[in-house]
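Subject: Structure for your files

Hello,

Here is the structure I said I would pass on. Please look it over before reading my notes below.

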Amino acid sequence: KLLAFPCNQFGAQEPAPHEKILEFVESNYGAKDKFTWFEKGHVNGKNTREVYSFLKKALPAEDGTTDIRWNFAKFLVDHEGNPFKRYGPQTNPDDIIPDIEELLKKKEEASN
């Protein structure tokens, strides 16, 4: 399941309200139904969403910092809710496929 958390903390690139964000992603990318969309919120600072506080603590960046540096940071979480890996904004989603396949294989092995 893919979860999307819009944020306006990076160069004010996402000022639109929730419904406009959904219209944009659908008309430009056909992505409205490909994700579960959450309301816009913070990923850094005192108003950080709880999910991001959890993920950033569990999976700091390669240099040890925890803040999200730019839009499109990605986190992969296993089927039990354990944070698995953090990816930077430049990571192409297709490059995550081998890690997803690894987690799916582990899930299948665990259920046997």
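The notes below go from the whole chain to one hairpin and then to one residue.

Please keep in mind that this is a predicted model.

Overall make-up: the protein chain has three helices and four strands. Read from the N terminus, the order of these elements is β-α-β-α-β-β-α. The C-alpha atoms fill a box of roughly 45 × 35 × 25 Å along the principal axes. Of the 112 residues, 28% count as buried. The accessible surface is about 8000 Å², and carbon and sulfur atoms account for 52% of that. If we take the contacts between residues at least 6 apart in sequence, 42% of them join residues at least 24 apart.

Charges: there are 16 positive and 19 negative side chains, and 5 Å separates the centres of the two sets.

The hairpin: strand 3 (residues 74–77) and strand 4 (residues 83–87) run antiparallel and are joined by four bridges. Within this pair, Phe-75 sits opposite Arg-86 of strand 4. Five residues lie between the two strands of the hairpin, and Gly-81 in the turn has a positive phi of about 90°.

Ile-100: this residue belongs to helix 3, which covers residues 97–111. Is Ile-100 buried or exposed? Neither label fits, because its relative accessible area is 35%, while buried means under 20% and exposed over 50%; Ile-100 is therefore partly exposed. Gly-30 is 70 residues away from Ile-100 along the chain, and their C-alpha atoms are 22 Å apart.

Regards

Notes. Residues are numbered from 1 along each chain as its sequence is written. This is a predicted model: local features need pLDDT of at least 70, side-chain atom pairs count only at pLDDT 80 or more; totals for chains, interfaces and linings use all residues. Side-chain values use heavy atoms; hydrogens and water are left out. Buried means under 20% relative accessible area, exposed over 50%, partly exposed in between (1.4 Å probe, protein chains only). Two strands pair if DSSP finds at least two bridges between them. Contact means heavy atoms within 4.5 Å. Accessible areas come from the Shrake-Rupley method with a 1.4 Å probe; for residues, only the protein chains shown count as cover. Lys and Arg count as positive and Asp and Glu as negative; His and the chain ends are not counted. The place of a charge is taken as NZ of Lys, CZ of Arg, CG of Asp or CD of Glu.
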